[in-house]
Amino acid sequence: MKFFIDTANVDEIREAADMGIICGVTTNPSLIAKEGRDYAETLKEITTIVDGPISGEVKATTTDAEGMIREGREIAALHPNMVVKIPMTAEGLKAIKVLNSEGIKTNCTLIFTANQALLAARAGATYVSPFLGRLDDISTTGIDLIYDIVEIFANYEDIDTQIICASVRNPLHIIECAKSGADIATVPFKVLMQMMNHPLTDAGIEKFKEDYTKVFGE
Ligand code: G3P
């Protein structure tokens, strides 16, 4: 399973890119708004940091296919790595169909059922983003959705839509996503750090340091 980072914060993106652990970035209207910066400028800067798929979402206020297609073309024109993130609606599916026919990559977001994922794949989405954490939030086991989509997509050779596990909230989500065989997990910076840290690693480093300096000094 590959990792994307789920943030619009360029410092976090740079830090994760420097560690070599991510090969793409996903953003959404809430994440971009949190940074309080110009939308296109932020996306452009991100393309200079990571040489991989960068999802930029159409405006949260744009709900018609025509508007999404227009904005999608603008987002795609920012950089060849841009992927247009489109919400799962009937209008969104129409936009995905047109953008796909123009060779523009899309990421269908706000997927909460396997049926939605199948429709997005058939419309021509390059990626689907099922949201685990938000299902867990309403007492529905989010990871079951990921397993279902992985199993269903594997049944059909002509589906090459990739699955991005989104709304990932903790390291256990990551283990489950990886076990399911999903293609990608898009992970907040905080969770990437939680994956890396272990108290026994920290204790081991301290012990090596202590033993080494006792004999060799600094
Ligand atoms: O980018 C979409 C998704 O990852 C958002 O996650 O935590 O706001 O449900 P969350």
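**Group meeting: the ligand site, Lys85 and three other residues**

The ligand in this structure is surrounded by Asp6, Asn28, Lys85, Phe131, Arg134, Ala166, Ser167 and Arg169. Before going further: this is a predicted model.

I'll take the polar contacts of the ligand one by one. From an oxygen atom of the ligand to an N or O atom in the side chain of Asp6, the distance is 2.5 Å. Ser167 places a polar side-chain atom 2.7 Å from an oxygen atom of the ligand. For Asn28, a side-chain N or O atom is 3.0 Å from an oxygen atom of the ligand. As for cover, the ligand on its own has 310 Å² of accessible area, and the protein covers 82% of that.

Now to Lys85, one of the residues around the ligand. Lys85 sits in strand β4, which runs over residues 82-87. Which side chain of opposite charge is nearest to Lys85? That is Glu57, at 4.0 Å, and Lys85 has no salt bridge although it is buried. What does the side chain of Lys85 reach at 3.0 Å? The backbone oxygen of Thr27. If we leave out neighbours within four places in sequence, the contacts of Lys85 include Thr26, Thr27 and Asn28, then Ser55, Gly56, Glu57 and Val58, and also Asn107 and Thr109. Asn28 therefore appears twice in this talk, but I'll leave that there.Next, the backbone. Most residues other than glycine have a negative phi. Leu110 has a positive value, with phi near 65 degrees. Leu110 belongs to strand β5, residues 106-111. Is Leu110 partly exposed or exposed? Partly exposed, at a relative accessible area of 32%.

Ser139 is not a glycine either, and its phi is positive at about 60 degrees. Where is Ser139? In the loop between α7 (132-137) and α8 (142-154). Ser139 counts as exposed because its relative accessibility is 74%, and the cut-off is over 50%.

The last residue is Val98, in helix α5, residues 90-101. Val98 has a relative accessible area of 26%, so it is partly exposed. Setting aside residues up to four places away in sequence, Val98 touches Ile69 and Arg73. How far is the C-alpha atom of Val98 from that of Val25? The separation is 23 Å, with the two residues 73 apart along the chain.

To recap the site: Lys85 is buried without a salt bridge, and the protein covers 82% of the accessible area that the ligand has on its own.

Key: Residues numbered from 1 in each chain as written. Predicted model: local features only at pLDDT ≥ 70, side-chain atom pairs only at ≥ 80, totals over all residues. Heavy atoms only, no water. Helix = DSSP H or I, 4+ residues; strand = E, 2+ residues; numbered from the N terminus. Buried < 20%, exposed > 50% of the residue type's maximum accessible area, 1.4 Å probe, protein only. Lys, Arg positive; Asp, Glu negative; His and termini not counted. Polar contact = N/O pair within 3.5 Å; in protein donor to acceptor, adjacent residues only side chain to side chain. Contact = heavy atoms within 4.5 Å. Near = heavy atom within 4 Å. Areas by Shrake-Rupley, 256 points an atom, 1.4 Å probe, with all protein chains shown as cover.
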